[in-house]
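Please look over the chain shown below before reading on. The briefing that follows takes one helix as its starting point and then moves outward by topic.

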Amino acid sequence: MKTKSIILTVSFALATIFSFAQTKTTDAVQSEKIKVWGNCGMCKGHIEKAAKAAGASYALWNKDTKILNVKYAASKTSDKQIQQSIANAGYDTKDFTANETAYKKLDECCQYDRKSAATKKD
Ligand SMILES: [Cu+2]
């Protein structure tokens with residue numbers, strides 16, 4: 001009977017570890033839809049690259065809707081870090097504004113209409 005209780009204990013422990021590991025992985029993956037200003041296919045490349053450089057595991061920007069779909073591990077990066085990285089690359093996002101210098105570095109075709117046409121100097 002001793003063997004039986006050992007088996008029970010071990011399988012219970014394994015089940016606990018397994019379910020814990022599962023919850024952890026599902027909890028860790030975040031997905032967001034972020035508005036990012038931009039123009040063309042080249043912008044798409046830059047935006048997605050910047051998102052991935054900030055730790056996103058998945059990034060897909062739609063130039064018609066201007067919506068960036070991202071997936072990332074919460075332990076690795078955050079919505080804000082991703083947006084900051086995109087802004088550093090010259091693109092305005094929902095919560096961040098690219099600085100003028102980064103924007104001016106973009107190719108002419110990529111110089112999209114800024115988030116706020118209002119006065120934004122740096
Ligand atoms: Cu472009």
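**A helix and its surroundings**

In helix H3, the buried residues are Asp79, Ile82, Gln83, Ser85, Ile86 and Ala87. These buried residues of H3 pack against two other helices and three strands, namely H2 and H4 together with E1, E2 and E3. The model is a predicted one, and the points below should be read with that in mind.

**The chain as a whole**

- The secondary structure of the chain amounts to four helices and three strands, and these elements follow one another from the N terminus in the order α-β-α-β-β-α-α.
- The chain has 122 residues, of which 30% count as buried.
- Among the contacts in the chain with a separation of 6 or more, 44% are accounted for by residues that lie 24 or more positions apart.

**How H2 meets H3**

- Helix H2, which covers residues 41-53, packs with helix H3, which covers residues 79-88, at an angle of about 135°, and the axes of the two helices are 8 Å apart.
- That angle makes H2 oblique to H3, because it falls neither over 145 degrees, where a pair would count as roughly antiparallel, nor in the range of 65 to 115 that counts as roughly perpendicular.
- The crossing in which H2 passes H3 is right-handed.
- On the side of H2 the contact is made by Ile47, Ala50 and Ala51, while on the side of H3 it is made by Ile82, Ser85 and Ile86.
- Sorted by class, the residues in this contact of H2 with H3 are five nonpolar and one polar, with no charged residues.
- Ile82, Ser85 and Ile86, which H3 brings to the contact, are also among the buried residues of that helix.
- Just after H3 comes Gly90, which takes a positive phi of about 110°.

**The copper site**

- The copper ion has as its protein donors the SG atoms of Cys40, Cys43 and Cys110, which lie 2.1 Å from the ion.
- Along the sequence, the spacing of these donor residues of the copper ion reads C-x2-C-x66-C.
- Cys40 sits in the loop between strand E1 (29-35) and H2, whereas Cys110 belongs to the segment after helix H4 (100-104), so the pair ties together parts of the chain that are 70 residues apart in sequence.
- Cys40 has a relative accessibility of 19% and therefore counts as buried, since the cut-off is under 20%.
- Cys110 also counts as buried, because its relative accessibility is 0%.

**Lys35 and the residues around it**

- Lys35 is placed in strand E1, and it counts as partly exposed because its relative accessibility is 33%.
- Leaving aside residues up to four places away in sequence, Lys35 touches Lys66, Ile67, Asp92, Thr93 and Lys94.
- From C-alpha to C-alpha, Lys35 and Lys94 are 5.2 Å apart in space, although 59 residues separate them in sequence.
- Lys66, one of the residues that Lys35 touches, has its place in the loop between strand E2 (56-62) and strand E3 (67-73).
- The phi of Lys66 is near 60°, which is a positive value in a residue other than glycine.
- With a relative accessible area of 22%, Lys66 is partly exposed.

Note on methods. Residues numbered from 1 in each chain as written. Predicted model: local features only at pLDDT ≥ 70, side-chain atom pairs only at ≥ 80, totals over all residues. Heavy atoms only, no water. Axes fitted to C-alpha atoms, helices over the stretch in contact; angles between N-to-C directions. Parallel < 35°, antiparallel > 145°, perpendicular 65-115°, else oblique. Left-handed = near helix turned anticlockwise from the far one by under 90°. Contact = heavy atoms within 4.5 Å. Nonpolar A, V, L, I, M, F, W, Y, C, P; charged D, E, K, R; others polar. Donors = N, O, S within 2.8 Å, 3.2 Å for Na, K, Ca; no water. Buried < 20%, exposed > 50% of the residue type's maximum accessible area, 1.4 Å probe, protein only.
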